Amino acid sequence: MSENVTVLGMVISTMDIGEYDKRLVILTKEEGKISAFARGARKPNSPFLAGSQPMAFGEFTLYRGRNSFSVSSMKISDYFSNSMTDIDSMYMGMYLLEFADYFGKDGLEAGDMLKLLYFSMKVLAKAEIPARLIRRVYELKMLELNGLFPELFSCVKCGSKENLDYFDVQHNGMVCENCHGKVSEKYQVDQSTLYAFQYIVTSDINKLFSFNVTEEVLEKLDGIIESYVNQHVDKKFNSLELVTE
C-alpha cells in the first residue's frame, strides 16, 4: 500500500535522470539513507529546484511506492552550499557528504549521524575553526557512532589508565609507556592530544565543536585519525583530491 511519509534529512548526492528529473540520495533521521525521485526538479520553475542540491537540509515529504520513494514536497531550512566561504570549504563539505554516504544504511535510523553531519556543516560554513579540525572530529565521531570506538581511557594491552602516551592503530587504542618499547613519534600522544581525543568520543554532538586546539595538537590528531580511518574505511573519496589544505 502506498503512503506519504515525512522525514528530516540532508541531500548527500544527486543524479540527473531523464530530461527533467533527479534522483536524490538523502540521509534521514527516520529511514536512514534513502533514494527518492524528484520529478521535474531540473525545470527552472520547479519547487524542487533548490532543494534537490547536495547539502540541502530540511523536511521531505515522500510518496512511498512499491519499489521507491518520490518527493511530494520539501521544506528546506538550510542550504549549506550557499554558505561556504571558499572553494575548499565547499569541497570539504562534499567530503563530509561522501563519508556519510559510506556509513548510511537503508532503513536503519540515522538520527545521530544526521545530527553530526548537520552540526559539522554549520561549523564548516561559519569558518571559525580550521576545516582540518572539523574533518578529523567528524571522522572520529562518525566511526564511534558506527561502533568503531577506539580505546582511549585505558591501555589496550594491560588495562592501566596511567601513563597513556601512544596510539596503537593496529590494536585500536592507547598503550601505556610500560607496554611499548621504541615507538614511532607520529603516534606518540601527549596529554593535550589525549584529552582532545577523549573529548571527541565522549561529547554530545551539539557540543562537539566547542573547542579548538594548538597547531601541534592538530598535527597529531590529523596524522593519527587519518591512519585510524584508513584502517577501518575501505574507500577512496574523490572530493578529498580537490581539497588543497
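This passage describes the strands, helices and cysteines of a predicted model.

In the predicted structure, five strands form a closed barrel in the order 1-2-3-5-4, and the pairing among them is mixed. From one strand to the next, the twist averages 45°. Within this barrel, strand 4, which covers residues 56-64, and strand 5, which covers residues 69-79, run antiparallel and are joined by nine bridges. One residue pair can be named here, as E59 has K75 in strand 5 as its bridge partner.

Two helices are placed against these strands. Helix 2, formed by residues 111-126, packs on the sheet and touches strand 1, strand 2, strand 4 and strand 5, with a direction that makes about 55° with that of strand 1. Helix 1, formed by residues 87-103, lies across strand 1 (3-17), strand 2 (21-28) and strand 3 (32-38), and runs at about 120° to strand 1.

The cysteines were examined for disulfides, a disulfide being a covalent bond between the sulfur atoms of two cysteines. With a cut-off that requires the two sulfur atoms to lie within 2.5 Å, the count comes to zero disulfides. For C158, the closest cysteine sulfur is that of C179, at 3.6 Å, and the pair is therefore too far apart for a bond. For C179, in turn, the closest cysteine sulfur belongs to C176, also at 3.6 Å, which is again too far for a bond. As to solvent accessibility, C158 counts as partly exposed because its relative accessibility is 48%, and C179, with a relative accessible area of 26%, is likewise partly exposed.

Methods. Residues are numbered from 1 along each chain as its sequence is written. This is a predicted model: local features need pLDDT of at least 70, side-chain atom pairs count only at pLDDT 80 or more; totals for chains, interfaces and linings use all residues. Side-chain values use heavy atoms; hydrogens and water are left out. Buried means under 20% relative accessible area, exposed over 50%, partly exposed in between (1.4 Å probe, protein chains only). Two strands pair if DSSP finds at least two bridges between them. Helices (H or I, at least four residues) and strands (E, at least two) are DSSP runs, numbered from the N terminus. Axes are lines fitted to C-alpha atoms, for helices over the stretch in contact, and angles run from 0 to 180 degrees between N-to-C directions. Contact means heavy atoms within 4.5 Å.
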